[in-house]
Amino acid sequence: MINRTVLVGRLTRDPDLRYTNSGAAVATFTVAVNRQFTNSQGEREADFINCVIWRKAAENFSNFTHKGSLVGVDGRIQTRSYENQQGQRVYVTEVVVENFSLLESRSQSEQRQQQSGNAGFQNNAPQSSGNTNPFDAGQGNNSSSNQSAGSSSSANSNPNDPFADNGEQIDISDDDLPF
C-alpha cells in the first residue's frame with residue numbers, strides 16, 4: 001500500500017509550535033495549494049490542507065517559515081478522531097509531514113513580507129526583481145544590457161562568480177577531469 005503526499009503551496013498563517021507533556025515538539029499549519037484549473041469565472045481556486053510536523057523538524061519549520069512562505073512538504077495522509085467537549089465525535093484528516101523544503105530565498109520572503117505589510121496580502125505571487133542568479137550580488141544580470149555593453153569581459157565582473165569571464169585563459173589538465 002502507498003500513502004504518500006507531496007504538496008507545494010503557501011502557509012496561510014505562522015506555524016503553531018507546541019510541546020507535548022513528554023517534551024516532543026509538534027507544529028501545525030495549513031498550506032494553500034492552487035488547483036490546476038480555473039472556475040467558471042476564470043479564477044483559480046485553492047485547497048487548504050492541514051499539516052502536522054513533529055520533533056526537531058517542527059522546531060526548524062517554525063523557525064524558518066511564516067505566513068505566506070512558499071514551502072514543499074512530503075508526508076502521508078492520516079485520519080484520526082476524538083471527542084470534543086460536547087461529546088461529539090470529530091474526525092480530522094491531515095498530512096503528517098516527514099520532509100519539507102523552503103522554496104524561496106530569504107530575501108524573496110522578506111521582500112514579499114514588506115510588500116504585503118504595506119499593501120495587504122493582495123498578491124500571493126512571489127515578487128522577483130528578475131534576478132535569479134545567486135552570484136549576481138544585486139548588479140542586475142539583464143542579458144540585453146550586458147550585450148549592449150559591448151565587452152564580454154565586463155559582462156559579469158562579480159568577484160564571487162567562479163564562472164565569470166574575466167578574459168583570462170583557464171588551464172585544465174586531463175587529471176582535473178572526473179571522467
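Strand E1 (5-11) and strand E5 pair in the antiparallel sense through 6 bridges, where two strands are said to pair if DSSP finds at least two bridges between them, and where strands (E, at least two residues) and helices (H or I, at least four residues) are DSSP runs numbered from the N terminus. This is a predicted model, in which local features need pLDDT of at least 70 and side-chain atom pairs count only at pLDDT 80 or more, while totals for chains, interfaces and linings use all residues. Residues are numbered from 1 along each chain as its sequence is written, and side-chain values use heavy atoms, with hydrogens and water left out.

Within the pairing of E1 with E5, Arg10 has Leu70 in E5 as its bridge partner. Arg10 also stands opposite Ala32 in E3, and E1 and E3 are themselves joined by 2 bridges in the antiparallel sense. Of the 7 residues of E1, 5 are buried, and the strand is mostly covered; here buried means under 20% relative accessible area, exposed means over 50%, and partly exposed lies in between, with a 1.4 Å probe and protein chains only.

The chain as a whole contains 3 helices and 6 strands, and their order along the sequence is β-β-β-β-α-β-β-α-α. Of its 179 residues, 23% are buried. Among the contacts (heavy atoms within 4.5 Å) between residues at least 6 apart in sequence, 54% join residues at least 24 apart.

From E1, the path along the sheet pairings can be followed through E3. Strand E2 (residues 16-19) runs antiparallel to E3 and is joined to it by 4 bridges, with Asp16 standing opposite Thr28 in E3. These two strands form a hairpin that has 5 residues between them, and Gly23 in the turn has a positive phi of about 95°. Thr28 has a further bridge partner in E4, namely Val52, and E3 and E4 are joined by 10 bridges in an antiparallel arrangement. E3 and E4 also form a hairpin with 5 residues between them, in whose turn Gly42 has a positive phi of about 80°. E4 in turn runs parallel to E6, with 3 bridges between them, and Ile53 has Val97 in E6 as its bridge partner.

Both partners of that last bridge reappear in the largest nonpolar core, which has 15 residues, and in which Phe29, Val31, Cys51, Ile53 and Val97 have the most contacts. Such a core is a set of buried Ala, Val, Leu, Ile, Met, Phe, Trp, Tyr and Cys residues joined through side-chain atoms within 4.5 Å. Two or more residues come from each of E1, strand E3 (25-38), strand E4 (44-54), helix H1 (55-64), E5 and strand E6 (89-102), and the largest share, 5 residues, comes from E3. Leaving aside residues up to four places away in sequence, Phe29 touches Leu11, Arg13, Pro15, Ile49, Asn50, Cys51, Ile53, Phe61, Val73 and Val97.

Two individual residues deserve a separate look. Arg55, in helix H1, has a positive phi of about 60° although it is not a glycine. In general, most residues other than glycine have a negative phi. Arg55 counts as exposed because its relative accessible area is 58%. Ser101 lies in strand E6 and counts as partly exposed because its relative accessibility is 38%. Beyond residues up to four places away in sequence, Ser101 touches Leu70, Val71 and Gly72, and its C-alpha is 9.2 Å from that of Phe61, which is 40 residues away in sequence.

The second largest pocket has a volume of about 220 Å³. On a 1 Å grid over the protein atoms alone, a pocket is an open set of points where a 1.4 Å probe fits, with protein on both sides within 12 Å along at least five of seven lines, and lining residues have an atom within 4 Å of a point; the volume is the space filled by probe spheres set on the points, which are joined across faces, edges and corners. Of the 14 lining residues, Phe64, Leu102, Glu104, Arg106 and Ser109 are the closest to the centre of this pocket. Strand E5 (70-83) and helix H2 (106-119) each supply at least two residues of the lining, with H2 giving the most, 4 residues. The lining divides into 5 nonpolar, 6 polar and 3 charged residues, where Ala, Val, Leu, Ile, Met, Phe, Trp, Tyr, Cys and Pro count as nonpolar, Asp, Glu, Lys and Arg as charged, and the others, Gly among them, as polar.
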